[in-house]
Structure formats: C-alpha cells, structure tokens
Amino acid sequence: MSKINLKKLENQAKKDIKKAENLKELNLVFSRYLGKKGELNSVLRSLEKLSLKEKAKIGKKANFIKSFLKTEIEKKSSLIKEKERVQAEDWFDVTVPGKKITLGHLHPLTLARRKVEEIFQSMGFFVAEGPDMEKEWYNFDALNIPKDHPARDLWDTFYLKNGLLLRTHTSPVQVRYMEKNNPPLRIIVPGNVFRHEATDASHEFQLFQVEGLMVDREISVANLKAVVGQFFKSFFEKDINFRLRPDYFPFTEPSFDIAIECLVCRGKKCPACKETGWMEVAGAGMVHPNVFKNSGLIPAPLADGWQGWAFGFGLERMAMLKYKINDIRLFRSNDLRFLKQF
Ligand code: PHE
C-alpha cells in the first residue's frame, strides 16, 4: 500500500462522508473506512509485510487519517442529528386530532344577571346602579327606617371607618335614582349587598340583589303582578305559578313576599321547598309615601302625586332555582368543578 493510495482513500472517504444523508448511510461509511474490517485497518494490517521504516511512516499517516476521519464523521453525525431534530419539530401530522382548547366560563351569577337585565330591558326598564359603600341615610333613614327603628335589626350591616356602611340591599338606589330622575320611570338595579350574617347552605353575607322600581301616576299591585309574572315566565322559560302574601317592609305599604310554586315538585310539597310547595324569592310592595318625600317627590293621593311599586329579589336564589344548585356558598367558593358546569 503506497502513500498515494492512502491519499486516495482519504479523499474518497471525505466524499462519502459528505454524501451521507442520514445516520444509516453515515454508519455504513464508518464501517467501510474505520470498521474492524474497514479499509484503514486493512492498510494497517498490510503493513506487516513492509520494512520497519515504511511501517513507521505509513502507519503514522494511516493513524492520522483514521482519527481525522473519525472527527469528520462525528461532526457530520451531529449535523445530521440537528437537521433531523429541526425536521421533526416542523413536521405536522394532519391526521392527529386537535388539542381541545379550554374556554373560560361565565359565572352562573353573571349568566343569571344578564338574563334578568335582558328580560327587563325588553319591558322598557333601565338598568341603574348605586354604590356598594352607602350612606346610612340612603340605606336606612330615607327608606323610612329611622335610627331607633327595630327594623334596622333585619338589615344588620358592616359599618366602615370612613363613616359609610356596606349597603344591605339595593333599595337605597330607589331614592338615589328618584332624586335625579323625574317619573314616570322604570328601573332595575342589580348589585352586591352585604349582611352581617352567619353562612349556611341558604345564607351568605354577600349577596347579589336585583331591585325593581316602577313609578307613574296610576300604578297598582296589578302592574307589579303583571311585570313579575312575565319576568318569571321568561327567566325560567316556562309558566310559573306565584303568589303574593302580606309582609312587612318599612319602605313599602302594603308589602308582600313573593313566592313561586316549587319548581321541583310543582306545589306537591317536597324537601326542596321544605314541604310547603312554595319558594320565597322576593320582597315587594307599593312605594311608601315617605320614600317619595325623601326623594323629593310628591306622593299620591296628593295633587300631582306619584305612585309606584318596588321589589327586590336575590339573584343567587333565582340562579339556584334555574340551574338546580343546592348550596348558596358554591357561588363564591371559586370551585372550578362547580364553575365549569355553566
Ligand atoms: N330591600 C328588601 C330586602 O332586601 C327587599 C324589598 C325591595 C322589599 C323592594 C320591598 C321592596 O329585603
């Protein structure tokens, strides 16, 4: 084996390495030149027949080429691997089913609130709002609940250091709205309210209420019944039996509690309605003359006087009935297992 042949072998090997397109081909190149039975080894083996001087010379050269080719093959190998990695990343299997994109959910109270607003807006009601932090005047006095009135107990609340309190109902917005807007008017007031209350499956210290108020010259309980009936029908998407029973609120006279026939047993009495066949959902009544006066309006039957009705219901209660939820605490517990169902 001469020097020329070695050079030729080296050149051929370099060409083959360059040509190799994948690891399999590169492995073949490796065994062909550097393998046990490879060409370089056979060169080294054939040295035996040569003189000592030549052995040393050619042997040295052959070993040099061997290690050179080895590095070349390694370089090429990492190049191929990198290329394959990039290709694998770019590769797109159109037959693989897509990943499901998880969408957020609207909170059941948001859903219920939107539905309520939509229904009342369709009946010509305007959606008004008021502050969560309220003056004692609006939450109590203006609503005919003076300081020494025992009814204050019903709406025990949190008094804040800034002299305000957390409103216990949305009724203060009746007064706020009538101060600024002249009747005839029709509004609903959705909003958070707070109660100094121990929690259980049907009580929370933070609630979402919707107030309703309609004021005009000749407004009666019949108007209240008509509007509320239409609302129930649209909200629950079926005919709903409901009843008004006498109740007491300082800011309405007469006052009622409104109950709907139990949605679970349809009035036949079951545990859901505590065996009564009815579910209380709202307080309501004809706006008390003092509330009109405190809002700067003249109450009927005085000349140019106004009449009106108001109601207030808890949105949680309505949503519980609509979506069949059995614990009010679920609404604000941020439990995804609950929230994902809507
Ligand atoms: N504000 C009352 C409550 O929170 C409900 C109500 C509203 C009653 C309007 C009558 C009229 O209990």
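This passage describes the overall form of the protein, the surroundings of its ligand, and some local backbone features.

The model is a predicted one, and its overall outline is a good place to start. The protein is divided into two parts, with domain 1 covering residues 3-90 and domain 2 covering residues 108-339. Taken over C-alpha atoms, the centres of domain 1 and domain 2 are separated by 89 Å. The C-alpha trace spans about 135 × 50 × 35 Å along its principal axes. In keeping with these dimensions, the radius of gyration is 43 Å, whereas a compact globule of 342 residues would have a value near 20 Å. The secondary structure comes to 11 helices and nine strands, and 43% of the 342 residues count as buried.

Attention now turns to the ligand. There are 15 residues around the ligand, and those that come nearest are His169, Ser171, Arg195, Gln209 and Glu211. Several of these residues can be described atom by atom. In the side chain of His169, an N or O atom is 3.0 Å from a nitrogen atom of the ligand. Ser171 likewise places a polar side-chain atom 2.9 Å from a nitrogen atom of the ligand. For Arg195, the partner is an oxygen atom of the ligand, which is 2.9 Å from an N or O atom in the Arg195 side chain. The ligand taken alone exposes 320 Å², and the protein buries 93% of that area. Three elements give two or more residues to the shell around the ligand, namely β5 (206-216), β8 (278-287) and β9 (307-314). Of the elements, β9 gives the most, with three residues. By residue character, the shell divides into six nonpolar, seven polar and two charged residues.

Away from the ligand, strand β4 offers a helpful example of a buried position. Val189 is placed in β4, which runs over residues 185-194. Its relative accessibility is 1%, so Val189 counts as buried, the cut-off being under 20%. Val189 also has a partner that is distant in sequence: Phe126 is 63 residues away along the chain, yet the two C-alpha atoms are 8.5 Å apart in space.

Two cis peptide bonds deserve a look. One of them runs from Pro183 to Pro184, with omega near 5°. Pro184 is placed in the loop between α7 (172-180) and β4, the strand that holds Val189. The other joins Ala300 and Pro301, and omega is about 5° here. Pro301 lies in the loop between α9 (289-294) and β9, and β9 is the strand that gives the most residues to the ligand shell.

Positive phi values outside glycine round off the picture. Glu237, which is not a glycine, has a positive phi of about 55°. This residue is placed in the loop between α8 (221-236) and β6 (242-249). Glu237 counts as exposed because its relative accessibility is 57%, with the cut-off set at over 50%. Lys274 is also a residue other than glycine with a positive phi, near 55°. Lys274 is found in the loop between β7 (252-261) and β8, and β8 is among the elements that give two or more residues to the shell around the ligand. With a relative accessible area of 70%, Lys274 is exposed.

Methods
Residues are numbered from 1 along each chain as its sequence is written. This is a predicted model: local features need pLDDT of at least 70, side-chain atom pairs count only at pLDDT 80 or more; totals for chains, interfaces and linings use all residues. Side-chain values use heavy atoms; hydrogens and water are left out. A residue is near a molecule or strand if one of its heavy atoms lies within 4 Å of it. A polar contact is a pair of N or O atoms within 3.5 Å; within protein, one must be able to donate a hydrogen and the other to accept it, and residues adjacent in sequence count only if both atoms are side-chain atoms. Accessible areas come from the Shrake-Rupley method with a 1.4 Å probe; for residues, only the protein chains shown count as cover. Helices (H or I, at least four residues) and strands (E, at least two) are DSSP runs, numbered from the N terminus. Ala, Val, Leu, Ile, Met, Phe, Trp, Tyr, Cys and Pro count as nonpolar, Asp, Glu, Lys and Arg as charged, and the others, Gly among them, as polar. Domain bounds come from an automatic or database domain assignment. The radius of gyration is taken over C-alpha atoms; the globule rule is 2.2 Å times the number of residues to the power 0.38. Buried means under 20% relative accessible area, exposed over 50%, partly exposed in between (1.4 Å probe, protein chains only).
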